[in-house]
Amino acid sequence: MDDLEILKDRRSKYGPPELFFETYGEMCRLLDRYAEASGQDTVNDGHLMALKMVLLKVLRSTWNPAIDDNYCDGRNYFTIAEMMGADDSALKNKLVKNKT
């Protein structure tokens with residue numbers, strides 16, 4: 001597929017990119033604001049980015065609930081967020097071993 005064919009395919013699967021990225025950007029801004037307001041000493045960027053990937057999959061699934069890949073990817077991004085959010089390195093290792 002060339003670039004135009006890929007864009008056309010993605011539009012049919014996930015909706016117009018203008019609307020998607022406007023919505024995704026707003027959701028990410030809200031998540032950033034919420035994390036900043038949480039009172040944490042520092043925001044865990046890896047954890048936050050994994051959660052943003054979950055949001056991406058939520059949006060794609062909202063537009064087209066029939067694409068199974070979004071659910072699988074979303075679960076895996078949540079697992080990554082859990083790993084990134086763990087304070088204890090032993091817990092992170094345990095999570096990695098349990099998820100494989």
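**Group meeting talk: helices, rings and a buried lysine**

Let's begin right after helix 1, where Gly 15 follows with a positive phi, near 90°. Before going on, please keep in mind that this is a predicted model.

Staying with helix 1 for a moment: it covers residues 3–14, so 12 residues by the DSSP runs. From the first C-alpha to the last, helix 1 reaches 16 Å, close to the 16 Å expected at 1.5 Å a residue. And what caps its N-terminal end? That is Asp 2, with a side-chain oxygen 3.2 Å from the backbone nitrogen of Leu 4.

Now let's step back to the whole protein. The secondary structure comes to five helices and zero strands, and along the sequence the pattern reads α-α-α-α-α. There are 100 residues in the protein, and buried ones make up 25% of them. If you take the contacts between residues at least 6 apart in sequence, 54% of them join residues at least 24 apart.

On to the aromatic rings. A ring pair is described by two things, the distance of the centres and the angle of the planes. How many aromatic pairs does the structure hold? Two. One of them is Phe 20 with Phe 21, an edge-to-face pair at 4.9 Å centre to centre, with 85° between the planes. These neighbours sit in contrasting surroundings: Phe 20 counts as buried at 11% relative accessibility, whereas Phe 21 is exposed, with a relative accessible area of 53%.

Phe 20 also pairs with Tyr 24. Their ring centres are 5.7 Å apart and their planes are at 15°, so this pair is stacked. Both of these residues belong to helix 2, residues 17–36, and because they are four residues apart there, about one helical turn separates them. Tyr 24 is buried, just as Phe 20 is. Put the ring pairs together and you have a cluster of Phe 20, Phe 21 and Tyr 24.

One more ring deserves a look, that of Tyr 14. Here the charged end of Arg 60 sits over the ring, 4.0 Å from its centre.

Tyr 24 brings us to my next stop, Lys 52, since the two residues touch. Lys 52 is in helix 3, residues 45–63. Is this lysine buried or exposed? It is buried, with a relative accessible area of 9%. Leaving aside residues up to four places away in sequence, Lys 52 touches Tyr 24, Cys 28, Leu 31 and Asp 32. With Asp 32 there is a polar contact too, side chain to side chain, at 2.8 Å.

Cys 28, on that list of neighbours, leads to the cysteines. Cys 28 is buried, at 10% relative accessible area, while Cys 72 counts as partly exposed, at 34% relative accessibility. How many disulfides does a search of the whole structure find? Zero.

Last, the loop between helix 2 and helix 3, where you will find Ser 38. Ser 38 is partly exposed, with a relative accessible area of 42%. Its side chain is joined to that of Gln 40 by a polar contact of 2.7 Å.

If you open the model afterwards, two places to find are the ring cluster of Phe 20, Phe 21 and Tyr 24, and the polar contact between the side chains of Lys 52 and Asp 32. Thanks for listening!

Methods:
Residues are numbered from 1 along each chain as its sequence is written. This is a predicted model: local features need pLDDT of at least 70, side-chain atom pairs count only at pLDDT 80 or more; totals for chains, interfaces and linings use all residues. Side-chain values use heavy atoms; hydrogens and water are left out. Rings of Phe, Tyr and Trp (its six-membered ring) pair if their centres lie within 6.5 Å; planes under 30 degrees apart count as stacked, over 60 as edge-to-face and the rest as tilted. Buried means under 20% relative accessible area, exposed over 50%, partly exposed in between (1.4 Å probe, protein chains only). Helices (H or I, at least four residues) and strands (E, at least two) are DSSP runs, numbered from the N terminus. A charge sits over a ring if NZ of Lys or CZ of Arg is within 6 Å of the ring centre and within 35 degrees of the ring normal. A polar contact is a pair of N or O atoms within 3.5 Å; within protein, one must be able to donate a hydrogen and the other to accept it, and residues adjacent in sequence count only if both atoms are side-chain atoms. Contact means heavy atoms within 4.5 Å. The expected span of a helix is 1.5 Å times one less than its number of residues. A disulfide is a pair of cysteine sulfur atoms within 2.5 Å.
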